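Here is my note on the model you sent round. Please read it with the structure open.

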Amino acid sequence: MQNNQEQPLYIYTYACTGDEESLCGMELRCLFGCEIPAAIFGSGTQVEVSRSPFIKERIDVMYSGDRLEDIYKQTEQVEVEGQTFKVIFVKTNDLSPEEKIEYDERRAIEREIGLRIEGEADVNHPERVYGIVTLGGRWYFGVYHKNKATWFRQMNKPRSYSIALSTRVARAAVNMAVPHPEGVRAIDPCCGIGTVMVEALSMGIDIVGRDINPQIAAGARTNIAHFGFTSVVTLGDIADIQEHYDVAIVDMPYNLYSRITPEEQLAILVHTRRIADRAVIVAIEAVDEMIAEAGFAIIDRCVAKKGAFSRHLMLCE
C-alpha cells in the first residue's frame, strides 16, 4: 500500500544522554510543535537533520505497507536515473524485544530491496541512499538522510573561555529560538565569544551580535570569521540597541568571572523585551520572577546539565 497522506511523511530517530533529555525534549518540541514520545517518530514536518545535535536520521517516505512484501513490491518502481544507490535498514524502531530484528535479517532485507531496484548498488560511495524502517506496526521506505554532525568542527574555536555555552547547548538554543528560519531576524545582545552566533550562522540564520566588552566582542568576530561566516558584532550596552528583532537569544551574565547585580540582570531582560518579540533566556538558575517583571511569559523550559552544573533555558514571548 502506497503512502497517500496529504502531507509528506517523514520518519525521524534521535538520541541523547541522560543529562541531555530535558534539553533534547524542548528542542524537539520547538522544531516539531509537539511532544515527541519516543526515539523514533513520524511527522509531517520536514526538518534538516543536521540542524539538531540530537536527530540522527530522517526517511522521506515514498512507500508504506503493513508487510515487508508490500515494500518489496513497491520498490520495484524506484528509478535511480543512472545513479548508484544503497539501502539502509534503520536499526532504531519500536518493536518489542521478542520481535527484534537481528543483524543478519536486517542485511537480508537490505539485499532483497536492493535486488528489486533496477540500477547499480554501491555500499561504499552511493549517490543515493534509501532507508527501510518499521514504526507502529507498519513498514516505511524512502530517501534516507543522515545527520552529518557539521557542528563538530565548530567545537574548536580560536577564542574560547570556560563558562561559554557548549556547542550542543548553543545549537539547541538556536533551534528553540528559530525553528523556522525563513525571514527571521535574530540578535544575541550579550554574545560573548559568539558561540550562539556561530551555530545560528552555520544554519543560515540571519543573526547579529553585540557585547559590552571590547575584547570579548573581538573574540566573537574572530570566531565567526574563522569558520567562514559573516555577520555584524557591535560594541556596547543592550540599552543602546534601537532596532527591533523577531527573536533574541540571551545567555545571561552571572557572577563567576564578572560582577553583575540583580538590577543589571533585570535591565538586560527589560531591554530584551523591548527589542524582541520572542526570546530564549539562558541562566544558571530559574529567573521566573525577573522574566515576568520584564514583561515576558515563559512558554517552555528545560534544564541542560553537565555534571553538577546546570543551565536553565526558558523560551519566552
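The points below run from the whole chain to single residues.

1. Confidence. This is a predicted model. Mean pLDDT is 94, and 96% of the residues reach 70 or more. The exception to flag is residues 1-6, where pLDDT is below 50. That stretch still has 14 contacts in the model beyond near neighbours in sequence. Where pLDDT is low, the predicted coordinates should not be read in detail.

2. Overall build. The secondary structure comes to 8 helices and 13 strands. The C-alpha trace spans about 65 × 35 × 35 Å along its principal axes. Of the 317 residues, 50% count as buried. Take the contacts between residues at least 6 apart in sequence: 73% of them join residues at least 24 apart.

3. Surface. About 15,600 Å² is exposed. Carbon and sulfur atoms supply 49% of that area.

4. Second largest pocket. How much space lies in this pocket? The figure is about 560 Å³. Its lining has 25 residues, and Ala164, Leu165, Ser166, Thr167 and Lys306 lie nearest the centre. Three elements give two or more residues to the lining: α4 (167-177), β12 (298-306) and β13 (309-316). By residue class, the lining divides into 12 nonpolar, 6 polar and 7 charged.

5. Cavity. The structure holds 1 cavity of 30 Å³ or more. The volume of the largest cavity is about 30 Å³. Which residues line the largest cavity? They are Ile11, Tyr12, Thr13, Ile40, Glu57, Arg58, Ile59, Val90 and Val133. Strands β1 (10-14) and β3 (55-65) each supply at least two of these lining residues. The split is 6 nonpolar, 1 polar and 2 charged.

6. Arginine 278. This residue sits in strand β11 (residues 276-283). Is arginine 278 buried or exposed? It counts as buried, because its relative accessibility is 18% and the cut-off for buried is under 20%. Leaving out residues up to four places away in sequence, arginine 278 touches Met176, Ala177, Pro179, Asp246, Val247, Ala248, Ile299, Leu315, Cys316 and Glu317. Note that this list includes an aspartate, Asp246, and a glutamate, Glu317.

7. Proline 189. Look for this one in the loop between β7 (185-188) and α5 (195-202). Proline 189 has 2% relative accessibility, so it counts as buried. Beyond neighbours within four places in sequence, its contacts are Arg210, Asp211, Ile238, Ile241, Ala248, Ile249, Val250 and Ile275. Ala248 is thus among the contacts of proline 189 and also among those of arginine 278. As a distance check, proline 189 and glycine 142 are 47 residues apart in sequence and 42 Å apart in space, C-alpha to C-alpha.

8. Positive phi. Two non-glycine residues deserve a look in the backbone plot. Glutamate 81 has a positive phi of about 55°. It lies in the loop between α2 (68-74) and β4 (85-89). Alanine 149 has a positive phi of about 50°. Its place is the loop between β6 (138-146) and α4.

9. Accessibility of that pair. Glutamate 81 is exposed, because its relative accessible area is 64% and the cut-off for exposed is over 50%. Alanine 149 has 17% relative accessibility and so counts as buried.

Key
Residues are numbered from 1 along each chain as its sequence is written. This is a predicted model: local features need pLDDT of at least 70, side-chain atom pairs count only at pLDDT 80 or more; totals for chains, interfaces and linings use all residues. Side-chain values use heavy atoms; hydrogens and water are left out. On a 1 Å grid over the protein atoms alone, a cavity is a set of points where a 1.4 Å probe fits but cannot get out, and a pocket is an open set with protein on both sides within 12 Å along at least five of seven lines; lining residues have an atom within 4 Å of a point. Grid points are joined across faces, edges and corners, and a volume is the space filled by probe spheres set on the points. Helices (H or I, at least four residues) and strands (E, at least two) are DSSP runs, numbered from the N terminus. Ala, Val, Leu, Ile, Met, Phe, Trp, Tyr, Cys and Pro count as nonpolar, Asp, Glu, Lys and Arg as charged, and the others, Gly among them, as polar. Buried means under 20% relative accessible area, exposed over 50%, partly exposed in between (1.4 Å probe, protein chains only). Contact means heavy atoms within 4.5 Å. pLDDT is the predictor's confidence in each residue, from 0 to 100. Accessible areas come from the Shrake-Rupley method with a 1.4 Å probe; for residues, only the protein chains shown count as cover.
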